[in-house]
Amino acid sequence: MSVAQGLDAGPDLEVTLLRGERALLEDGDLRRARRWFDLAYQRAQECGDPEGLAQAALGLGGVWVREHRTAVESEKVRVRQRHALSRIDPRSPLAQRLRLRLQGEEDYRRGAHDGILRLLALTRESGDATALADALNLTHHCVLGPGHGALRLELAGELIGQAALTGRRSDLIMGLMWRTVDLYLTADPHAERCLEELRTVLEEHRHLAVEFVVSAIEVMRTIRAGRFEEAERLAGACFERGVAAGDLDATGWYGGQLGAVRWYQGRAAELLPFLADLVNSPTLSPIDNSYVAALALAAAVSGNRRLAAGLLARLRGRDLAEVPRSSSWLIAMYCVVEAAHLLQDADTAASAYALLSPYAHLPVIASLGVACFGSVRHSLGMAALTTGDLDRAVAHLRAAVRDNLALGHWPAATLARCRLGQALALRDGPADASARAELATAAAEAAELGMALPAVVGRPAPANGACHFRRDGRRWHVELHGRVALVEHSVGMAHLATLAANPGHEIPAADLAAGTSRPDSPRESVQPLLDDVARDSYRRRLTELQAEIDEHESMHDLARAATLRMEREWLIAELTAATGMGGRARPFAGSDERARIAVGKAIRRALARISAVDRVIGDELRATVQTGVRCSYRPR
């Protein structure tokens with residue numbers, strides 16, 4: 001029966017209250033529970049039942065704190081709860097529970113917890129198991145800031161124990177849910193184990209509100225694994241769960257999850273219109289500043305410095321320390337630090353560094369496990385980098401790599417490694433071996449995960465913003481403004497390296513094909529398309545490929561064998577194009593047109609390979625490399 005049908009049928013107050021309690025406590029259906037309790041409140045008023053009025057007003061509070069986000073709804077519920085409290089015996093357990101709810105709402109709105117902790121102590125003395133369970137749940141929700149991890153675990157454990165006394169299954173589910181969240185918030189290695197226990201309990205009895213939290217944690221875990229497309233699909237499903245449960249956090253959580261995916265994909269600027277709408281949504285928590293900070297970061301990434309600076313100033317207010325330490329505070333500080341780095345706002349970075357330092361050991365996790373941005377040490381490293389303290393930046397970023405690997409957060413580890421390489425390059429010079437090694441590893445990991453790594457800020461760009469090529473065995477390191485792409489060797493890569501080594505100069509295509517690199521040379525090439533070293537290298541690789549193909553086919557790994565076969569066919573085509581009859585090297589003598597075609601094709605293939613690894617570098621090279629009878633690279 002729907003609530004509307006129930007109203008027409010005129011169910012009595014007791015039945016209406018029972019249906020509301022079942023929807024709220026047993027099923028976790030927040031929307032349905034609100035409707036039943038609203039109807040119960042009307043019934044209680046009609047029949048003049050103060051106890052029923054108090055039960056309905058209490059039920060309207062829901063499971064979480066601040067379930068009613070708009071000013072109209074939240075004030076309406078608060079007035080009803082105060083009115084109900086004035087109508088019943090102030091010494092009754094029901095009055096005690098109403099006072100707890102009102103105090104919890106007030107503390108949460110202020111970003112405080114002193115009042116609810118005081119009432120929790122009094123409730124323990126009262127001996128009422130149900131009131132104590134309510135107090136534990138409300139108190140836990142009011143201490144979600146980064147400094148209360150140990151207290152939260154105590155509260156969650158006590159709530160699990162109270163479930164045996166109250167007989168309410170919802171108390172057990174909520175206790176397990178809080179404990180799971182707490183372990184993730186403190187980077188405890190047993191968090192996964194607790195999550196599995198919670199899932200087992202939910203399989204026995206569904207609870208929509210807690211299932212929404214579990215689905216959000218699953219999105220976070222998928223982002224940590226670097227499976228961005230899957231995470232985006234799961235985020236959509238998580239949003240639908242939140243809507244089905246009637247949880248007003250559904251929109252905000254989806255925004256946070258999508259923001260994490262886009263950040264690691266290097267597409268944060270795309271979120272600017274979405275965040276501009278979301279930041280003023282009444283569905284957001286009144287003490288949540290993370291979306292303002294995220295909008296500042298998206299604006300900074302997109303190049304809108306004025307908007308980014310204005311939003312940072314809005315956040316800082318009189319003092320950045322006044323931003324409430326809510327469950328989203330670490331996320332807000334993460335975005336503040338990244339935006340400050342892009343704007344080179346050393347003052348804001350220094351303030352954030354001082355505030356974050358006590359929490360260096362924690363991961364940056366939004367709310368109840370909605371999204372994770374890795375170790376707080378990453379933010380400390382970026383803040384130090386922005387203030388120019390390079391030694392401290394290197395130390396923090398190196399620790400952040402270790403922390404993120406321990407979390408199993410591969411995108412955060414890759415980003416921290418990239419920033420570490422950039423910090424080392426700033427401190428020790430771009431030719432530093434450690435800096436190059438970190439940047440190269442980060443580039444390889446980013447290519448595997450589908451990430452786009454950010455450029456370094458605060459480092460002078462190479463002369464004329466030029467791209468640099470460095471060969472390392474069978475791979476080329478292509479660096480542009482702190483970005484590094486690792487690309488397999490090819491003839492086209494060698495051509496690009498020659499052009500990059502002679503920026504602004506025209507080189508005949510015939511000279512590139514011949515392997516000479518004298519700029520503006522009028523000579524006609526009689527050199528082979530491939531030199532002896534390259535030709536021998538290709539032939540050795542063909543032998544290796546055939547052995548690998550045979551091995552994978554014997555193991556029935558047909559997909560890998562097919563990939564290797566494609567590489568083998570490409571090498572054969574390259575050798576065929578470069579050799580004449582009898583396997584002799586094919587020269588370019590007297591054929592500028594043939595050199596133009598061959599060099600152009602080789603360079604275009606190389607640019608495609610670079611773009612596949614790093615689109616930014618690829619796009620820049622396409623815009624600055626010119627091919628034809630005479631080729632050139634003219635950096636902007």
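Among contacts in this protein between residues at least 6 apart in sequence, 62% join residues at least 24 apart. Please keep in mind that the model is predicted. The protein has 636 residues, of which 54% count as buried, and its secondary structure comprises 29 helices and eight strands. Here is a short tour, topic by topic.

**Nonpolar cores**

- A good place to begin is the largest nonpolar core, which has 161 residues.
- Within this core, the residues with the most contacts are W64, M177, W178, Y264, L368 and F373.
- Helix α18, spanning residues 329-343, gives the most to this core, with twelve residues.
- Which residues does F373 touch, leaving aside those up to four places away in sequence? They are A260, W263, Y264, I331, Y334, V364, H409 and A412.
- Y264 thus appears both among the core residues with the most contacts and among the residues that F373 touches.
- Apart from the largest core lies another one, of 29 residues, and its members include V478, I603, L621 and C631.
- As general background, nonpolar side chains tend to be buried together in soluble globular proteins.

**A pair of packed helices: α6 and α8**

- As a reminder, two packed helices are described by the angle between their axes and the distance between the axes.
- Helix α6 covers residues 93-110 and helix α8 covers residues 129-142; their axes come within 10 Å and cross at roughly 0°.
- Because angles under 35 degrees count as roughly parallel, α6 is roughly parallel to α8.
- On the α6 side, the residues that meet α8 are Q96, R97, L100, R101, G104, D107 and Y108.
- Their partners in α8 are T130, A131, D134, A135, L138, H141 and C142.
- Sorted by class, this contact of α6 with α8 has six nonpolar, four polar and four charged residues.

**An enclosed helix: α24**

- Helix α24 runs over residues 491-501, and eight of its eleven residues are buried, so α24 is largely enclosed by the rest of the structure.
- The buried residues in α24 are V491, G492, M493, H495, L496, A497, L499 and A500.

**Cysteines**

- How many disulfides does the structure hold? The count is zero.
- For reference, a disulfide is a covalent bond between the sulfur atoms of two cysteines.
- C372 is buried, with a relative accessible area of 2%.
- C418 is buried too, with a relative accessible area of 1%.
- Elsewhere, C142 is one of the α8 residues in the contact with α6, and C631 is among the members of the 29-residue core.

Methods
Residues numbered from 1 in each chain as written. Predicted model: local features only at pLDDT ≥ 70, side-chain atom pairs only at ≥ 80, totals over all residues. Heavy atoms only, no water. Axes fitted to C-alpha atoms, helices over the stretch in contact; angles between N-to-C directions. Helix = DSSP H or I, 4+ residues; strand = E, 2+ residues; numbered from the N terminus. Parallel < 35°, antiparallel > 145°, perpendicular 65-115°, else oblique. Contact = heavy atoms within 4.5 Å. Nonpolar A, V, L, I, M, F, W, Y, C, P; charged D, E, K, R; others polar. Disulfide = S-S within 2.5 Å. Buried < 20%, exposed > 50% of the residue type's maximum accessible area, 1.4 Å probe, protein only. Core = buried A, V, L, I, M, F, W, Y, C linked by side-chain atoms within 4.5 Å.
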